[in-house]
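This report walks through internal cavities, aromatic contacts, cysteines and backbone geometry. Please keep the sequence and the 3D view open while reading.

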Amino acid sequence: MLRLPTTAIRLCIYAILPRVTGVRAALGVDLGTGSVKVALVDEAGETLRSASRAYDLSSPHPGWAEADPMEWLHATTAAAGQVLDDGEGAAVVRVGFSGQMHGVVLCDESLDPVRPAITWADSRAGDEAADMQSALGPEVLARLGSPAVSGFAATSLRWIRVHEPEALERARYALQPKDWLRARLGGLVATEPSDASGTLLANVDEGSWNNDAIDWSGVDRDVLPPIIGSSDSAGEIHLAGRTFECVTGASDTAAAIAGLGLSIGDGFTAVGSGSQTVSLVPQPSGGISHGTHLFATAGAPGSGWFRIGAVQNAGIALRQALTWLDATAEQANAALDQGVQASDPLFVPYVAGERTPFVDPALRGAWHGLGLDTSREAMLRSVVEGVAHAVALGIDAVLGAGAPLPDPLPLIGGGSVDARFRQLIADASGRRLAPRDQPDAAVVGAAFLALGVSALPASGADDVIEPLSSAHELLAVRQQRLVEYVQHGHEQ
């Protein structure tokens with residue numbers, strides 16, 4: 001049975017780095033899609049202080065999702081300055097990094113970006129993804145761990161090669177977001193297994209770059225950094241007027257796994273800007289199935305793996321729909337008080353394409369079944385319902401790919417705090433859920449990697465949400481309608 005850490009008994013043991021006299025705390029830096037969070041975390045996993053700063057995601061053309069890396073840098077510096085200046089009581093000895101996966105930052109020798117970063121939510125490279133799927137075939141893609149999709153470094157780099165070749169000519173490095181941030185602060189130019197496994201350029205089984213994928217992308221191998229361990233020393237960084245040793249870090253999901261203290265057979269569902277359903281697996285096997293991905297855990301190359309159903313459209317779709325309706329998240333959740341009705345319109349939440357389970361960057365959102373009698377409340381309710389269906393389909397995809405999930409299934413993430421939404425996810429998925437108040441799992445995991453400690457899992461689920469049979473029956477019918485609409489579009 002899965003056991004997750006609680007604050008009261010989250011004990012830690014040294015696992016990777018040698019003990020250093022005076023080690024008391026580390027800074028974790030989690031570079032998310034819409035904000036960065038910096039936290040001071042001690043050896044027991046307690047967050048002593050934290051701060052966050054938001055930044056923009058731009059879409060200059062339909063399907064594009066870009067960011068200015070210099071905004072990441074300024075936001076990180078500001079948040080770190082607040083944490084470091086906010087009182088005394090802990091000696092900071094190292095910094096660990098966590099970050100959004102899959103995107104690519106092209107930068108010159110001085111690590112100045114030569115164009116905006118292309119993020120994981122970007123869907124411009126649909127043609128390139130189709131070409132990669134056909135050109136490399138299932139055997140190579142199985143080694144890469146993922147079906148060919150837009151928003152990954154390989155397909156984004158191929159798009160740049162075709163449409164903006166001058167940017168590649170100016171670039172010295174093609175880096176993952178958290179790797180660029182660490183290097184821009186003064187650390188080594190390097191990556192590690194978890195982020196490398198999300199590029200579609202690396203062999204997930206052994207943590208090495210794949211020549212076939214690199215050749216297809218059209219970039220020189222020299223633009224890719226070396227792959228080292230997640231807790232390996234990555235030099236010194238200069239942050240908020242101070243100098244710290246740092247480690248390489250990990251992707252956000254891999255860092256969350258470290259922060260939660262999970263092991264093989266464990267798993268969880270997280271809901272934020274996107275949604276991830278994760279199952280830790282013993283071997284890098286199973287190929288690509290049901291639109292799921294196989295990624296590496298934090299650690300040394302070739303030391304661990306997890307299968308993930310990666311849903312792009314969770315909070316990102318909710319925020320967009322609420323903008324259209326000039327509403328708040330609380331208003332949308334309040335509309336759930338009456339429960340989903342059979343007469344409600346059906347919201348198709350795929351405003352940014354989708355990965356799991358459809359693997360289609362061209363998917364777009366819709367409302368299906370609007371009528372003159374449709375109320376604003378029903379539309380708000382349908383938005384939250386559509387997001388819950390997207391989460392549930394991600395859970396089903398992981399199970400369909402043969403990866404086990406615990407029962408009850410832990411539910412984490414800042415997008416899953418409302419009790420009504422949690423119940424809706426349980427009803428839509430038909431799964432028992434165990435909510436966990438772990439919004440900082442990734443930033444805690446980043447700090448743990450810097451400290452060289454591992455969380456010891458604790459026992460028991462404090463609360464379990466049971467799916468309601470009557471609600472599940474109605475939602476199952478509506479979910480099938482959503483799937484059919486996605487598969488057949490306006491024919492439905």
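## Backbone: cis peptide bonds

This is a predicted model. Start in the loop between α11 (376-400) and β21 (409-412), where P408 is found. A cis peptide bond joins P408 to D407, with omega at about 5°.

A cis peptide bond also joins T356 and P357. Its omega is about 0°. P357 belongs to the loop between β19 (346-348) and β20 (366-368).

## Backbone: positive phi

The loop between β19 and β20 also holds V359. Phi of V359 is positive, near 50°, and the residue is not a glycine. How accessible is V359? Its relative accessible area is 27%, so V359 counts as partly exposed.

H102 is not a glycine either, and has a positive phi of about 80°. This residue sits in the loop between β6 (92-99) and β7 (105-107). H102 is buried, at a relative accessible area of 4%.

## Cavities

How many cavities of 30 Å³ or more does the structure hold? There are two. The largest has a volume of about 80 Å³. Its lining is made up of 14 residues. A174, Q176, T199, W209 and L224 are the ones nearest the centre. Two elements, α3 (153-163) and β9 (173-175), each give two or more residues to this lining. By class, the lining of the largest cavity has ten nonpolar residues, three polar and one charged.

The second largest cavity holds about 50 Å³ of space. Its lining includes D122, S123, V149, S150 and Q312. A352, E354, R355, V359, D360 and P361 also line the second largest cavity. V359 thus appears here as well as among the residues with positive phi. The classes in this lining are four nonpolar, three polar and four charged.

## Aromatic pairs

A pair of aromatic rings is described by the distance of the centres and the angle of the planes. How many aromatic pairs does the structure have? The count is six.

Take W72 and W180: the ring centres are 6.3 Å apart and the planes stand at 70°, so this pair is edge-to-face. W72 is in helix α1 (residues 69-85) and W180 in helix α5 (residues 177-184), so the contact ties together parts that are 108 residues apart in sequence. Both tryptophans, W72 and W180, are buried.

F295 and F306 also pair: their ring centres lie 5.9 Å apart with planes at 70°, so the geometry is edge-to-face. Here the link joins strands. F295 lies in β17 (residues 293-296) and F306 in β18 (residues 305-311), so parts eleven residues apart in sequence are tied together. F295 and F306 are buried.

A cluster is found as well. W324, F347 and W367 are linked into it by ring pairs.

## An arginine and two tryptophans

Which rings does R124 lie over? One is W64: R124 lies over its face, at 3.6 Å from the ring centre. The other is W159: the charged end of R124 sits over this ring, 4.7 Å from its centre.

## Cysteines

A disulfide is a covalent bond between the sulfur atoms of two cysteines. How many disulfides are counted in this model? The count is zero.

C107 is in no disulfide, and its nearest cysteine sulfur, that of C246, is 16 Å away. A disulfide requires sulfur atoms within 2.5 Å, so a separation of 16 Å does not qualify. C246 is likewise in no disulfide. Its nearest cysteine sulfur is that of C107.

Are these cysteines buried or exposed? C107 is buried, with a relative accessible area of 0%. C246 has 2% relative accessibility and counts as buried. The cut-off for buried is under 20% relative accessible area.

Terms used:
Residues numbered from 1 in each chain as written. Predicted model: local features only at pLDDT ≥ 70, side-chain atom pairs only at ≥ 80, totals over all residues. Heavy atoms only, no water. 1 Å grid on protein atoms, 1.4 Å probe; cavity = no way out; pocket = protein on both sides within 12 Å on 5 of 7 lines; lining within 4 Å. Points joined across faces, edges and corners; volume = space filled by probe spheres on them. Helix = DSSP H or I, 4+ residues; strand = E, 2+ residues; numbered from the N terminus. Nonpolar A, V, L, I, M, F, W, Y, C, P; charged D, E, K, R; others polar. Phe/Tyr/Trp six-rings, centres within 6.5 Å; stacked < 30°, edge-to-face > 60°. Buried < 20%, exposed > 50% of the residue type's maximum accessible area, 1.4 Å probe, protein only. Lys NZ or Arg CZ within 6 Å of the ring centre and 35° of its normal.
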